[in-house]
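User: Could you take me on a close look at one part of this model, a sheet and what packs on it? I'd enjoy a single connected account that then follows the surroundings outward.

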Amino acid sequence: MLSDEEFVTVTVSGVLRPSKGHWVAMISPSHSDVAGCLLNGFLYAQTGDLSNLPLLCHYPVKAQWMSNDPDYLSCKKKECMKYNNEGTCEISGCSGAITFHVINIRTDIEFVLFAGGFDIPCILSRTSPLSFADPKTPLHGHLSTIDSTGTSIRLRWVSGDKEPQQVEYGDGKTLTSQVSTFTQDNMCSSALPSPAKDFGWHDPGYIHSAVMTGLQPSSSCSYRYGSKSSSGTPPAGGSNELKFLAYGDMGKAPLDASTEHYIQPGSLSVIKAMAEEIDNGNIDSIFHIGDISYATGFLVEWDYFLHLISPVASRVPYMTAIGNHERDYIDSGSVYITPDSGGECGVPYETYFPMPTPEKDKPWYSIEQGPVHFTVISTEHDWSLNSEQYQWMKKDMASGRSIKNPLVNFYRVSRHRPMYSSSGGLLNVDKFFVHEVEPLLLQSKVDLVLFGHVHNYERTCSVFQSICLAMPTKDANGTDTYDHSNYKAPVQAVIGMAGFKLDKFTNNEIWSLSRISKFGYLRGHATKEEMKLEFVDADTRKVGDSFRIIKR
């Protein structure tokens, strides 16, 4: 029986001729079709991943080459398979061992040995099905806020149990979870089969949710939904201070030597660095602005992503925005007619990460934490002047600056696709989106606009219509300082450097003041007088860029 997390060593023995084409797949559920489907290479490409992947009819959870054991091809490990009458070995076989990182995905798994490489897979041997000790265990708890009061926290977790489960928190309060899920029929497909519906489906189990209420803003709270944890509540809207982290495009990476769909190499160092920030008590909340897991229809990868972020998302609110790899699909109503979500069409994202949005498939919302008003919008849903989302943005941005709300000093907008990027690339910047929405940002006196989608870090001047309306000045410490007491235009920053392979900069633009192509995240500290932002290099923990927005 398998535990909730372990490293499983798979040993292959009795091989007469070790080959570079030998590999092992981790299959789940164990009854999946593991025959070869050679045309699946064309279907994988619809999500944008052009890696060399196993062409099985049902995509495996993980795959590893036997050559990952350096002694396999050289046959250093031998065992006798047949002895003659004199007791001398007549036939010997080679062996090798590789290790898989396995987490509780609720369904049985099986390891299958193939020859022929990924392109022409041929089954040589397979194990018996292996089960998890407790598929109903509650796992991957993550938090989010539901309003601006700082007194309520939503806890969300995954289990194989369809019956409600219990949460204990605070001084003995108890809650019963609300249970939801999604099915294969909820996924999108088209004339082109999709991973989510046709060959990458994995049962998500049941997603449990409970809202812990009656909390104090800017305080700690212990809770138990399976194992004991503690969370911090964010500052209430209008209060004096907020410390937050922000980034986009993180995804996940294997903790073993597996070849997987869409590996985001920087995600491990980013999570480790952010966990240290939270250990030091420096963070109130996190904002992940699109391209969340990059599962893109290979549904089991959501489990691995939730496992990856648990050290941070179980301790502070983890707020999100939707990206193209969560939502876009052909004939699904997304703005961009691409198959980037692999057929997910936003359903897994909204089930795992319910934000305080108006309703399903309208993933825009606003929330206030400390002196900051956050407006989170979707670039993948209609944002044109007459759209529902645009009218909502206009109303929300006006309310954030109203006399009725005098305590909100800084206004921040988060969305996935950028308005400014010097990295080039198809659909990185949509001129129609810029034309429709940028004037509203200026009119609303938005201080800071954050984007993902492009996989690097870039900061602008106070920019409007590609013209610098104001430049920052240096403070006594040499930090770029934007004085918004005399507001000119928003500062815009791309922060899509949290995991995906990094993009290069191809153009030199007058509005671009800082450009870094390294893995990291944005660290923010807002008071009523200033908001200080720093790019943190996840590998070195050093600050690569810093700037301030002040109001006197």
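Analyst: Happy to. A word on terms to begin with: two strands count as paired if DSSP finds at least two bridges between them. By that criterion, this predicted model has an open sheet of four strands in the order 8-9-13-12, with antiparallel pairing. Its edges are strand 8 (139-145) and strand 12 (178-180), each of which pairs on one side only. From one strand to the next, the twist averages 25 degrees.

At the strand 12 edge, three bridges link this strand to strand 13 (residues 206-212) in the antiparallel sense. If you would like a pair to find on screen, Val179 has His208 in strand 13 as its bridge partner.

Now for what lies on the sheet. Helix 4 packs on it through contacts with strand 8 and strand 9 (153-159), and the helix direction makes about 60 degrees with that of strand 8. Twelve of the 14 residues of helix 4 are buried, so the helix is largely enclosed by the rest of the structure. The buried set includes aromatic residues such as Trp302, Tyr304 and Phe305, but also Glu301, Asp303 and Ser310.

The helix has a bend as well: about 30 degrees at His307, with the proline Pro311 following within four residues. How does its end-to-end distance agree with its number of residues? At 1.5 Å a residue, 14 residues should span 20 Å, and the end C-alpha atoms of helix 4 lie 19 Å apart, which agrees.

From here we can step into the nonpolar interior. In soluble globular proteins, nonpolar side chains tend to be buried together. The largest nonpolar core of this model has 68 residues, and Ile309, Tyr318 and Phe353 touch the most other members. Helix 4 (residues 300-313) supplies the largest share of that core, seven residues. Phe353 ties several of these pieces together: among its contacts distant in sequence are Trp302, Phe305, Leu306 and Ile309, along with His142, Ile292, Tyr318 and Thr320. A separate core of 23 residues lies apart from this one, with Trp383, Tyr411, Val449 and Val494 among its members.

Tyr318 leads on to a further strand, since Ala321 is found in strand 18 (residues 318-321). Is Ala321 buried or exposed? Its relative accessibility is 1%, so Ala321 counts as buried. Leaving aside residues up to four places away in sequence, Ala321 touches His288, Ile289, Gly290, Ile292, Glu326, Tyr349 and Val376. Ile292 therefore turns up in two lists, as a contact of Phe353 and of Ala321.

For a last look outward, Ala321 and Ile467 are 146 residues apart in sequence and 28 Å apart in space, C-alpha to C-alpha. Ile467 is the bridge partner of Phe464 in the pairing with strand 24. Strand 23 and strand 24 form a hairpin with two residues between them, and Gln465 in the turn has a positive phi of about 55 degrees. Strand 23 (residues 457-464) is mostly covered, with eight of its eight residues buried. It also runs antiparallel to strand 27 (residues 491-495), joined by four bridges, with Ser462 standing opposite Val491. Four antiparallel bridges likewise pair strand 23 with strand 28 (residues 512-516), where Arg459 has Ser514 as its bridge partner.

Conventions. Residues numbered from 1 in each chain as written. Predicted model: local features only at pLDDT ≥ 70, side-chain atom pairs only at ≥ 80, totals over all residues. Heavy atoms only, no water. Core = buried A, V, L, I, M, F, W, Y, C linked by side-chain atoms within 4.5 Å. Buried < 20%, exposed > 50% of the residue type's maximum accessible area, 1.4 Å probe, protein only. Contact = heavy atoms within 4.5 Å. Axes fitted to C-alpha atoms, helices over the stretch in contact; angles between N-to-C directions. Expected span 1.5 Å × (residues − 1). Bend = angle between axes of the 7 residues up to and from the residue.
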